[in-house]
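Colleague: Could you take a close look at one part of this model for me? I would also like to see how that part sits in the whole chain.

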Amino acid sequence: MPNTLTGAPAAAAIYAQVREHAAALDAPPCLAAVSVGAQPDDRAYLRSIAQAAAGCGIAVRPVPLPADCAPDTLTDTLRALSTDGGVHGVLLLRPLPEALRAQEMLDTLDARKDVDGMTTASLGALVTGAAGFAPCTAEACMELLRAHGIDPAGRRVTVVGRSLVIGRPAALLLTRADATVTLCHRKTPDLAARCRDADILLAAAGAPGLITRDFVRPGQIVLDAGATVLPDGTLRGDVAPAAAAIAVCTPVPGGIGSVTTALLLRHTVQAAENLRHF
């Protein structure tokens with residue numbers, strides 16, 4: 001097994017599927033990307049989405065909102081996009097300002113267009129195994145493992161990070177894949193030992209460099225789902241370079257993030273296919 005687990009194999013397979021399915025539709029699928037304020041992380045992610053979508057026959061509609069927008073502005077926007085027949089998928093870029101984080105606001109979006117799995121209906125479907133879209137980054141971890149022939153069944157997995165965006169949904173997906181999962185966070189006692197004991201370590205805390213060489217062991221599989229834009233514009237993962245050199249690790253960029261974008265577009269095409277029947 002190589003020392004670096006790139007996202008390229010998984011992303012390439014997903015993009016091929018997306019192009020085929022998008023071409024079979026009567027009109028190009030449309031993804032609306034809602035952003036609140038102009039955060040560097042948002043701008044970088046939107047650029048990567050637009051570039052990838054252009055090569056797959058998918059239209060991206062940016063929907064920028066001011067950083068100080070009122071809660072009603074966000075909910076009205078999500079409701080309008082839910083009923084817009086020209087929009088098939090909606091992405092709400094996060095994190096959001098504190099005043100806009102109430103789950104009931106997010107739940108104003110039609111779950112059929114919730115291509116990043118942020119509504120209560122989507123997260124509930126993830127728990128029960130019902131149809132719905134999983135959060136893209138969490139699902140990307142599973143797709144990357146699959147692309148490299150790594151089966152999590154029967155393995156000990158430590159997830160560092162408990163957000164609804166990555167940590168908790170990834171833990172659910174890994175459990176459904178028959179892994180034995182320990183969900184940790186930065187306040188977990190002796191976090192380094194819990195990480196070292198795992199066969200597979202998923203770093204999803206959003207804390208650059210949190211996972212140092214003391215957290216890993218040689219040959220361990222490490223998925224770095226952290227992606228923080230630093231003041232100089234570079235992208236940094238949760239895994240420190242010294243730790244990544246010891247383990248079998250995904251790079252940042254070029255790892256989980258590249259698969260996340262591909263899955264977002266696959267979900268958009270699937271949403272367009274599903275909405276044809278309504």
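What percentage of the contacts in the chain with a separation of 6 or more comes from residues 24 or more positions apart? And where does Ala111 lie?

Modeller: Happy to help! This is a predicted model, where local features need pLDDT of at least 70, side-chain atom pairs count only at pLDDT 80 or more, and totals for chains, interfaces and linings use all residues. Residues are numbered from 1 along each chain as its sequence is written, and side-chain values use heavy atoms, leaving out hydrogens and water.

To your first point: residues 24 or more positions apart make up 71% of the contacts with a separation of 6 or more, a contact being heavy atoms within 4.5 Å. The chain contains 10 helices and 10 strands (DSSP runs, H or I of at least four residues and E of at least two, numbered from the N terminus).

Now to your residue. Ala111 sits in the loop that runs between α4 (103-106) and α5 (120-128). Ala111 counts as partly exposed because its relative accessibility is 29%; buried means under 20%, exposed over 50%, and partly exposed in between, with a 1.4 Å probe and protein chains only. Apart from its neighbours within four places in sequence, Ala111 touches Thr119, Ala121, Ser122 and Phe133. Asp26 is 85 residues away from Ala111 along the chain, and their C-alpha atoms are 22 Å apart.

Stepping back, 50% of the 278 residues count as buried. The C-alpha trace spans about 50 × 40 × 40 Å along its principal axes.
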